[in-house]
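Hi,

Here is the structure I said I would pass on. Have a look at it first, and then read on for my notes.

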Amino acid sequence: MSDILVVDDERDIRELICDILQDEGFSTRMAGNSDDCMAQLNAQQPGLMILDIWLKDSNMDGIDILKHVKRDNPDVPVVIISGHGNIEIAVAAIKQGAYDFIEKPFNIDQLMVVIRRAMETSRLRRENSALRRQDVREAVMVGNGTCFRLLKSQLDKVTKSNGRVMLSGAPGSGKEMAARYIHAESNRAEAPFVTVNSASIQPDQMEVVLFGRETSERGVEQGLLEQAHGGVIYFDEVADMPAGTQSKILRVLVDQSFTRVGGTAKVRVDLRVISSTTRDLQNEIAAGNFREELFHRLNVVPIEVPSLEDRRDDIPDLARHFITQFNRDQGLPLRDLGEDAVAMLQTLRWPGNVRQLRNVIERVLILGEGTGPIEARDLPGHGDAVSGEEEDIALSASLTTLPLRDARELFERHYLMAQINRFSGNISRTASFVGMERSALHRKLKSLGVVTTNKAGARVAQVDDA
């Protein structure tokens, strides 16, 4: 990106600048008026522009061209030069996004210092964008269970389109990871992935954060929509978006353009929109908290992300993935999972879903001793008290108030339901683990009033209320 476009109506000036830049190892292009300049911009985006304010016999002056560049090619640094320099012109140029302003006749050394700094700034911005894209490419979907395969199949179908996707599911279930997977597998994978955390942005700051602003003091400040140009904008927990902002986002989706706060010029953007929510948006619409028109614009392809309890058979794979990740990123021990730890992880409750499992694995690796396999006793919630050679078992209050027969029946019901759910409704695997014949297990489940039903594409156990 060492290509520099020099725009000046004086032939001697632009040729002199180009000769100097070529001696310094830069490749250059020239334009003598606004039409030639726009043609050069449309042919190929330069790495930097040197732009004269006053252009004779042109349809646009330097400020007009600058506005156009900052709107359509915001990553291109622009150095303004002028033989009629004054404070007002310099302020106007900086306000519109110019990197710097140099008055003619300029000192060659000064010009080269400014150019090198501008090119370095541009390089750092590209590297930051590349790092963000690298983070997206590392989005990995982990699992092999029925629910997971159904989810991944749905995600794979939408990766090659530009259709808007609405991801719904419980907190921590992996909605952002699903969004990142869609982006990483799409034709926009090399473009930015920008997250809007609707719940964490102050309502009175939402429009500035999204649309950016223009002020005389700071000039042009890009918002998240502009930063996501060409890529994906991800509205996390879209139900928390303020009502006033909802109507403006609706207009952006229709026009693919917006106006910065404090500005007047239209900014065009090319965006794919992915949203997520933990709430029922139909109820939010009925309560007057969410615009129905916006819902229909965002909800083109609805995808439900299952909770961790609906995909218990993926828990071992997820846990091992997190162990490997923490070893690579934090240098934590690379430990295996013991069979008793796997069994316990698959039968625990996970109200925090995948995020909670990740936190548990990190805690075990930080606080655990040694590098051997993780055992059930290492996991939170496991009883640590030991009497003699057998562990003490803390009985729930409900069990201690029941006669032995009723307590045994209650325990068997909950125990067998937990094992069935652990194996995603597979009765054969459940019977093998608990040490019963399959026919005997079926009879036991019938006597306990336990049935299996389909939920989120998998079989789960529940008490028959009929």
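**Glycine 172 and its surroundings**

G172 counts as buried, because its relative accessibility is 6% and the cut-off for buried is under 20%. Before I go on, bear in mind that this is a predicted model. You will find G172 in the loop that runs between β6 (165–168) and α7 (175–184). What does G172 touch once its neighbours within four places in sequence are left aside? The contacts are G352, N353, V354 and R355. There is also a C-alpha distance worth having on screen: G172 and R358 are 186 residues apart along the chain, and their C-alpha atoms are separated by 9.9 Å.

One of those contacts of G172, N353, deserves its own look. N353 belongs to helix α15 (residues 353–367). Its phi is near 60°, which is a positive value in a residue other than glycine. Is N353 buried or exposed? N353 is buried, with a relative accessible area of 2%.

**The whole chain**

Stepping back, the protein has 19 helices and 18 strands. Its radius of gyration is 30 Å, whereas the globule rule gives 23 Å for 466 residues; the value is well over the rule, so the protein is more spread out than a compact globule. If you want a box to go with that, the C-alpha atoms fill one of roughly 100 × 55 × 35 Å along the principal axes.

How much of the protein is buried? Buried residues make up 44% of the 466 residues. As for the surface, the protein exposes about 23900 Å², and 47% of that comes from carbon and sulfur atoms. Among contacts with a separation of 6 or more, 68% are between residues 24 or more positions apart. On charges, there are 57 positive and 69 negative ones, and their mean positions are 5 Å apart.

**Helix α17**

Helix α17 covers residues 404–422, which is 19 residues. From its first C-alpha to its last it reaches 27 Å, close to the 27 Å expected at 1.5 Å a residue. Which of its residues are buried? They are A407, R413, L416, M417, Q419, I420, N421 and R422. Just after the helix, S424 takes a positive phi of about 55°.

**Other backbone spots to check**

Q256 also has a positive phi, about 55°, although it is not a glycine. Q256 sits in the loop between α10 (243–255) and β11 (257–259). At 24% relative accessibility, Q256 counts as partly exposed.

Then there is a cis peptide bond, the one from K104 to P105, with omega near -10°. P105 is in the loop between β5 (100–103) and α5 (108–137).

**Two more glycines and an aspartate**

G219 is in strand β9 (residues 219–221). With a relative accessibility of 1%, G219 counts as buried. Not counting residues up to four places away in sequence, G219 touches I94, K95, R213 and E214. The C-alpha atoms of G219 and A98 are separated by 9.0 Å, and these two residues are 121 apart along the chain.

G83 is in the loop between β4 and α4 (87–95). Its relative accessible area is 41%, so G83 is partly exposed. How far apart in space are G83 and A184, C-alpha to C-alpha? The distance is 48 Å, for a pair 101 residues apart in sequence.

D75 lies in the loop between α3 (62–72) and β4 (78–82). D75 counts as partly exposed, at 47% relative accessibility. Between D75 and L271, which are 196 residues apart along the chain, the C-alpha separation is 17 Å.

**Where to start**

If you have only a few minutes, I would open the model at G172 and go from there to N353, one of the residues in contact with G172. After that, try the cis bond from K104 to P105 and the positive phi of Q256.

Cheers

Technical notes. Residues are numbered from 1 along each chain as its sequence is written. This is a predicted model: local features need pLDDT of at least 70, side-chain atom pairs count only at pLDDT 80 or more; totals for chains, interfaces and linings use all residues. Side-chain values use heavy atoms; hydrogens and water are left out. Helices (H or I, at least four residues) and strands (E, at least two) are DSSP runs, numbered from the N terminus. The radius of gyration is taken over C-alpha atoms; the globule rule is 2.2 Å times the number of residues to the power 0.38. Buried means under 20% relative accessible area, exposed over 50%, partly exposed in between (1.4 Å probe, protein chains only). Contact means heavy atoms within 4.5 Å. Accessible areas come from the Shrake-Rupley method with a 1.4 Å probe; for residues, only the protein chains shown count as cover. Lys and Arg count as positive and Asp and Glu as negative; His and the chain ends are not counted. The place of a charge is taken as NZ of Lys, CZ of Arg, CG of Asp or CD of Glu. The expected span of a helix is 1.5 Å times one less than its number of residues.
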